[in-house]
Amino acid sequence: MTPLDLDGHVVGGDAGQLEPDHGVVAVPVLAGDDGPVLGPGAAELGDDRAGDLTRVLAATGATGETGEVTEIPVVSTADLVNSALRRVLLVGVGAGTTID
């Protein structure tokens with residue numbers, strides 16, 4: 001799975017960094033046996049943000065079920081490579097298979 005912005009552009013590259021001009025980033029969330037699991041792209045948001053994302057999933061009761069979307073506004077971007085980032089979408093992809 002490759003993280004995409006809302007325009008369908010691939011987010012990140014060989015260096016694993018978010019492109020600096022994307023205002024919205026979607027990150028897949030898989031339905032794990034012990035609860036939702038952040039998919040590819042979460043690490044590129046930074047270790048601190050990834051921890052925040054995990055807490056948001058828990059607080060909202062997200063499951064990672066296919067089609068589930070959790071929207072997170074980004075208030076401060078001062079410490080981010082992508083200062084244009086305004087929103088992160090956590091998108092449920094189920095088990096992440098082609099039949100989900």
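This is a short walk through one predicted model, from its overall layout to its core and one helix residue.

Let me start with the layout. The chain has one helix and four strands. Read from the N terminus, the order is β-β-α-β-β. There are 100 residues in the chain, and 34% of them count as buried. The exposed surface comes to about 5,800 Å², with carbon and sulfur atoms supplying 52% of that area. On contact order, take the contacts between residues at least 6 apart in sequence: 52% of these join residues at least 24 apart.

Next, the strand pairing, with strand 1 as the reference. Strand 1 and strand 2, the latter being residues 35-38, pair in the antiparallel sense over four bridges. The two form a hairpin with two residues between them. At that hairpin, Gly-32 stands opposite Gly-35 of strand 2. Strand 1 also pairs with strand 4, and here the strands run parallel, joined by six bridges. One position to look at is Val-24, whose bridge partner in strand 4 is Arg-87.

Now the core. Which residues have the most contacts inside the largest nonpolar core? They are Val-27, Leu-45, Leu-53, Leu-85, Val-88 and Leu-90, in a core of 13 residues. Strand 1 (24-32), helix 1 (47-60) and strand 4 (87-92) each supply at least two of the core residues. Strand 1 gives the largest share, which is three residues.

Val-88 is a useful place to look at the packing. Leaving aside residues up to four places away in sequence, Val-88 touches Val-25, Val-27, Leu-45, Leu-53, Thr-70, Glu-71, Ile-72 and Val-74. Among these, Val-27, Leu-45 and Leu-53 are also on the list of core residues with the most contacts.

Last, Leu-57, which sits in helix 1. Is Leu-57 buried or exposed? Its relative accessible area is 3%, so Leu-57 is buried, the cut-off for buried being under 20%. What does Leu-57 touch, not counting residues up to four places away in sequence? The contacts are Val-29, Pro-36, Leu-38, Ala-62 and Leu-90. Pro-36 and Leu-38 fall within the residue range of strand 2, while Val-29 and Leu-90 fall within those of strand 1 and strand 4. For a backbone distance, the C-alpha atoms of Leu-57 and Gly-35 are separated by 9.1 Å, and the two residues are 22 apart along the chain.

To close, the two points I would keep on screen are the pairing of strand 1 with strand 2 and with strand 4, and the 13-residue core.

How values were computed
Residues are numbered from 1 along each chain as its sequence is written. This is a predicted model: local features need pLDDT of at least 70, side-chain atom pairs count only at pLDDT 80 or more; totals for chains, interfaces and linings use all residues. Side-chain values use heavy atoms; hydrogens and water are left out. A nonpolar core is a set of buried Ala, Val, Leu, Ile, Met, Phe, Trp, Tyr and Cys residues joined through side-chain atoms within 4.5 Å. Buried means under 20% relative accessible area, exposed over 50%, partly exposed in between (1.4 Å probe, protein chains only). Contact means heavy atoms within 4.5 Å. Accessible areas come from the Shrake-Rupley method with a 1.4 Å probe; for residues, only the protein chains shown count as cover. Two strands pair if DSSP finds at least two bridges between them.
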